[in-house]
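The following exercises concern one protein chain. Please study the structure shown below before reading each solution.

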Amino acid sequence: MTAPTTSHDPDSHGAVGVVVVAAGSGTRLGAGIPKAFVQIEGAALLEHALHGLLGSGRVDELVVVAPAGWEDRAHEALTLAASCPCPHRTTVVTGGAERSDSVAAGLAALSDAVDVVLVHDAARCFTPSEVVERVIDAVQAGAAGVVPALPVVDTIKVVDEDDRITATPARASLRAVQTPQGFRRDVLVAAHAQGSGGAAATDDALLVEQAGHAVVVVPGDVRAAKITTPADLAARQRMDTVQETPPHTDREATPTAREGMPVPRTGIGTDVHAWAPEGDDRPLWLGCVEFPGERGVDGHSDGDVAAHAACNALLSAAGLGDLGSVFGTDRPEMAGASGAQMLQHVASMLDRAGYAIGNVAVQVVAPRPKIGPRRAEMEGAMSAALGGAAVSVSAATTDGLGFIGRGEGLVGLATTLVVPTGSLSVQPDSVG
């Protein structure tokens, strides 16, 4: 369920307060200091998190919950980050033994003017301001609780204590939840007060759900990934390496292939599918997202023209063949394969070949379904399948012309940029 949104009117709503949970020890990160104070890109994780929150211009009060003995460092981070022009009240409090204790301490430090509360993990330090705004909008539109989330691209299994699979939930109904989570203050305070599982709760939305309130979902962002292990830090640094473009002042300084320097490579991809026969109950998948109630397409796999076009573009850019050579339709194991699985496999091929994905741009050409309302969800799902690479999605029609205009099918178009990262090579392979 997606929450309604509304434009921000500061005169019609009370203050917005944020509780930043930064009291974790960070044992799994192995840095020897609390995780929120580990440095990345020249600043502590906590500073990055505060920049994203305050950058929205929607935060009136901000409470940082710090580990005992680290309160002064938290104040320093606040001082460095709180330089935006938006008015705000900031403070630091000491965290408790459990996460719920820390959240409760943060709630108690907010002023009486606050009626919308966001709870944010400092470890999700690169959450963009747009996610913060979506959460605030949804609470101010009337939701009791709101969480940002991304579609799950992997198949999930439920297992028992003997590691035997007991169930396979439908992937289309699953979401990976992020923060900040937003709530009406009275709802969150009451949920913490009565929550029987509060001591063990790692998700405030769970307490609100247990209290009988509906919690709705807004689109999250792949950049809001949680920093928990050294591998997470390394993944972030790889993303930065791909996204950074060194400045060049003249043509003489620009690296070229002739000089033996690695240069980016571009690729283009297309995919076309006919609509399934009327009455066929197969689902429609676009951009790794299911569109319930829409007519599906004919195809050996799930027929996701957005994901398939992106695969073609990536394979083209890296010189690794095309969709047919890698995922041939004569292979029975590919029947029903998802676009997310294909993207993950292609991303793995590029990684082994020594290429990092810079970005992928996809356009769906069809009169339906409407892409705009689910654009962010599609971008997030495809980005997650590609390991965090930047993805943009757009849509177009043909003004009633051609086979698309006649309602015979739809097209996916994609372009991409990849960057050489090493000297390894790999031949086009197959999904094993």
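**Exercise 1.** Determine how many bridges join β13 to strand β18, and which way the two strands run.

*Solution.* In this predicted model, β13 and β18 (residues 409-420) are joined by ten bridges and run antiparallel. One residue pair serves as an example: Val272 has Val411 in β18 as its bridge partner.

**Exercise 2.** State the order of the open sheet of four strands, and explain why one side of β13 and of β17 is left without a neighbour in the sheet.

*Solution.* Step 1: the order is β13-β18-β16-β17, and the pairing is mixed. Step 2: β13 (265-274) and β17 (390-396) each have a single partner strand because they stand at the edges, so each keeps one side without a neighbour in the sheet. Step 3: on average, neighbouring strands of this sheet are turned by 15° against each other, direction ignored.

**Exercise 3.** Identify which strands of the sheet helix α8 touches, and which helix α10 touches.

*Solution.* Helix α8 (residues 305-318) packs on the sheet and touches β13, β16 (355-365) and β18. The direction of α8 makes about 150° with that of β13. Helix α10 (residues 339-353) also packs on the sheet, where it touches β16 and β18; its direction makes about 150° with that of β16.

**Exercise 4.** Decide whether Glu61 is buried or exposed.

*Solution.* Step 1: Glu61 lies in strand β4. Step 2: a residue counts as buried under 20% relative accessible area. Step 3: Glu61 is buried, because its relative accessibility is 6%. Step 4: leaving aside neighbours within four places in sequence, the contacts of Glu61 include Val16, Arg89 and Leu110.

Notes:
Residues are numbered from 1 along each chain as its sequence is written. This is a predicted model: local features need pLDDT of at least 70, side-chain atom pairs count only at pLDDT 80 or more; totals for chains, interfaces and linings use all residues. Side-chain values use heavy atoms; hydrogens and water are left out. Buried means under 20% relative accessible area, exposed over 50%, partly exposed in between (1.4 Å probe, protein chains only). Contact means heavy atoms within 4.5 Å. Two strands pair if DSSP finds at least two bridges between them. Axes are lines fitted to C-alpha atoms, for helices over the stretch in contact, and angles run from 0 to 180 degrees between N-to-C directions.
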